[in-house]
Amino acid sequence: MSGNLPGGRIEAALQLSGGAQNRAVLESWQRCEERFGLAHDTLRRPEVMPESQTRQLRDRNGRLYHHAHDLVRTLYRKIDASGYAVFLTDNSGVILDSVAAHSLLPSFRTNGLLPGAVWSEEREGTNGIGTCIVEGRPITIHKDEHFLSQHSVLTCTAAPVFDPDGKVCSVLDVSAVRDDIKRTDCLRVRGMVADYADALERILFFDERAGDVILHLHPEARHVGSTRDAMISIAPDGKINGATSTARRILAAANNSTDIADMFEMDVDALLSKFTAQDGGNSSAMALNIAGGGVLFGSVTMPERMRRHYVGRSTPIASRTPAPARKIAQIADRDPALRRIYDIGTRLHARDINILMSGETGSGKEYLARHIHEATLGKSRNFVAINCAALPEGLIENELFGHAGGAFTGAARDGFGGRIREANGGTLFLDEIGDMPLAAQGRLLRVLESRKVEPLGSTKSVPVDFRLICASNVDLGQAVADGKFREDLLYRIKGARLAVPPLRERSDIVDVIGRLLAALSNDYVECSDEVIRLLTRHQWPGNVRELINVLQYASVFAENGVIEGDHLPDDFRIETIKPATSARDAIERAEEGALRQLLDDHHWHISNTAKALGIGRNTLYRRMARLGIERR
Ligand SMILES: Nc1ncnc2c1ncn2[C@@H]1O[C@H](COP(=O)(O)OP(=O)(O)OP(=O)(O)O)[C@@H](O)[C@H]1O
């Protein structure tokens, strides 16, 4: 290091920093001086690109900007300390996105931290963003460690985001313009920034390598398919054409293999056949021997066309040596759209990707969730279903998170573990999640982020490991806009969205009727042709649940095992039979009368009336509004 560096500042840097940090800061200072010709007291205005150029840059980094958007905001909320701002940059240190408290924007801007600003080392000297790009690892540049004195008010903690080729494609940075920040304060922030950078890397990897075979690896079988595994993408010729940073470390340990054949001593064909020979490629983790010694557990995700290719080829082998393979629970439904959702859901659930189902009430969201759970984790694992709309606001947190003994008046002496803990090792299904109160949403988010539950009244958190499927029949995007649902939670739960078709749009309704009748009665019951015609023409606002109620009712009256038109419930017939013959408002008047009567019968108890109709409460409210019936 040359003699013209101000001794006091460099000593401060040496004292304040750990070993690796020392080296990084000192080497960076060296670069600043020798390569970039900077001086400590250089005073310069920040270089900020014009708005139009910044926009172009965002477009060029469209995927990154899109995927990072929610993540940057969640990180900002999670840091939860005043004075910090979060920044996202491109691969050369240009800020693309930022989140900060409104009141602090002027001070960040004055210090050059704003969209469009260039934070390369070359331009701004040693700094969180620029030095992180050079070092390719998380780093904190604390006040005086900045090379330019004008930046010594800043404390910046940054982590790199890598693309599948292992190059830094972005930096996530958390900065503060505050005098009182100590280096040790940054440790917590550093862990979080690194975790979020890692999450962003995985999202980008999945997106960019969607058409390739992805091999998931982990030394422990239970972490394969979770967010902790390492991912390698494989080209058809067996060449490794992408890897996450964790996977790169595994590759380095396996003699920096660039080919699957070098890594596992089997070619790509043999590897994929090995996976698909068992359960058509949906199998759980399998042990793989690493060339040169060691074992890793792995599983593969592959595009559907390839899976079919391998499954097809492996069939003869399987038939020659019948394997006692675990039987995958199949759904009996024949509707192609529903089967496709089941198929996709099963693959995503096996990869621990959160699923958000939408669909009308009674369309079978819970039914599908349960079958997806059974197909991936098996019947022996817990499937815990909670209807968030059915739990009173004061009880939901207790139900979900449990409580410590004596946490509140009336609490069980030994405490209550909570339903989330019951789901440990299995699946948690949260129905009507849009109805979850905001306070519970915050706690749930913390559980999802930390994978730990803290029961009410306790400071001890308990680790939990469960897969999540949520369902909603309200538009959660709208609920976010209305301030009723947390955006960060929506980001978390919406890993993949599946839209369950309403019964009226299904092609297998006659088949469903037959299956339900067989399940409902010990005796053989069938529908007359007229009833089949009526049932297939009905709009089914309450979907399968409504169909079950109608069939249950009708089969009681069916003589000789045949359901005729007059065995159907009255309100069903009002809706189904009259529309064909009456004018629209006459129908509505009849419907209104029938509904009022039913509400009277149930003392205007909404849930009971909805139950009697075989529809959900929300559908009933909508129907009442349509018919101009006000709640009493
Ligand atoms: N495809 C199906 N085959 C047989 N039964 C089904 C099917 N889909 C749903 N059901 C049955 O219909 C009833 C309602 O289904 P489910 O509870 O899964 O609907 P949902 O969409 O979760 O409703 P909600 O939004 O009101 O909670 C359940 O009794 C379920 O077992």
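Helices here are DSSP runs of H or I at least four residues long, and strands are runs of E at least two long, numbered from the N terminus. Counted that way, the protein chain comes to 26 helices and 19 strands. Keep in mind throughout that this is a predicted model.

## The chain overall

Of the 632 residues in the protein chain, 39% count as buried. If you take the contacts with a separation of 6 or more, 66% of them link residues 24 or more positions apart.

## Around the ligand

Let's start with the ligand. Its shell is made of 17 residues, and the closest are Thr361, Gly364, Lys365, Glu366 and Tyr367. Sorted by class, the shell holds 5 nonpolar, 7 polar and 5 charged residues. Two helices, α14 (365-376) and α22 (543-557), each supply at least two residues of that shell. So where does the ligand sit relative to the domains? Domain 3 (336-499) and domain 4 (504-626) both give residues to the shell, so the ligand lies between them.

## Strand β7 and its partners

Next, have a look at strand β7 (residues 230-234). All told, 5 of its 5 residues are buried, so β7 is largely enclosed by the rest of the structure. In a regular strand the side chains alternate between the two faces of the sheet. For β7, both faces are covered: Ala230, Ile232 and Ile234 are buried on one side, and Met231 and Ser233 are buried on the other.

Which strands pair with β7? One is β6 (residues 213-218), which runs antiparallel to β7 and is joined to it by 5 bridges. In that pairing, isoleucine 214 of the chain stands opposite serine 233 in β7. The other is β8 (residues 240-243), also paired with β7 in the antiparallel sense, over 3 bridges. Here isoleucine 234 stands opposite isoleucine 240 in β8. The hairpin of β7 and β8 has 5 residues between the strands, and glycine 238 there takes a positive phi near 95°.

## The nonpolar cores

In soluble globular proteins, nonpolar side chains tend to be buried together. The largest nonpolar core in this model has 80 residues, and the members touching the most others are Ala158, Leu172, Val193, Leu217, Ile232 and Ala247. Helix α8 (residues 186-208) gives the most to this core, with 8 residues. Domain 1 (7-206) and domain 2 (210-320) both give residues to the core, so it lies between them.

Alanine 247 ties this picture back to β7. Leaving aside neighbours within four places in sequence, alanine 247 is in contact with Leu217, Ala230, Met231 and Ile232. There is also a second, separate core of 42 residues, with Ile355, Ile420, Val447 and Leu468 among them.

## Two unusual backbone angles

Most residues other than glycine have a negative phi. Two residues in this model go the other way, and the table puts them side by side.

| Residue | Phi | Loop it lies in | C-beta atoms within 10 Å |
|---|---|---|---|
| Aspartate 352 | near 60° | between α13 (336-350) and β11 (355-358) | 20 others |
| Arginine 451 | about 55° | between α17 (438-450) and β14 (452-453) | 15 others |

Are these two buried or partly exposed? A residue counts as buried when 20 or more other C-beta atoms lie within 10 Å of its own, and as exposed at 12 or fewer. Aspartate 352 has 20 such neighbours, so it is buried. Arginine 451 has 15, so it is partly exposed.

## Two long-range approaches

Finally, here are two spots where residues far along the chain come together in space. Glutamate 122 lies in helix α6 (residues 121-124). With 16 C-beta neighbours inside 10 Å, glutamate 122 counts as partly exposed. Its C-alpha atom is separated by 6.7 Å from that of cysteine 32, although the two residues are 90 residues apart along the chain.

Valine 562 lies in strand β19 (residues 562-563). Valine 562 is partly exposed too, with 13 other C-beta atoms within 10 Å. What does valine 562 contact once its neighbours within four places in sequence are left aside? The answer is Glu526 and Ser528. The C-alpha atoms of valine 562 and serine 528 are separated by 6.1 Å, with the pair 34 residues apart along the chain.

How values were computed:
Residues are numbered from 1 along each chain as its sequence is written. This is a predicted model: local features need pLDDT of at least 70, side-chain atom pairs count only at pLDDT 80 or more; totals for chains, interfaces and linings use all residues. A residue is near a molecule or strand if its C-beta atom, placed from the backbone, lies within 6 Å of it. Ala, Val, Leu, Ile, Met, Phe, Trp, Tyr, Cys and Pro count as nonpolar, Asp, Glu, Lys and Arg as charged, and the others, Gly among them, as polar. Domain bounds come from an automatic or database domain assignment. Two strands pair if DSSP finds at least two bridges between them. A nonpolar core is a set of buried Ala, Val, Leu, Ile, Met, Phe, Trp, Tyr and Cys residues joined through C-beta atoms within 7 Å. Two residues are in contact if their C-beta atoms, placed from the backbone, lie within 7 Å.
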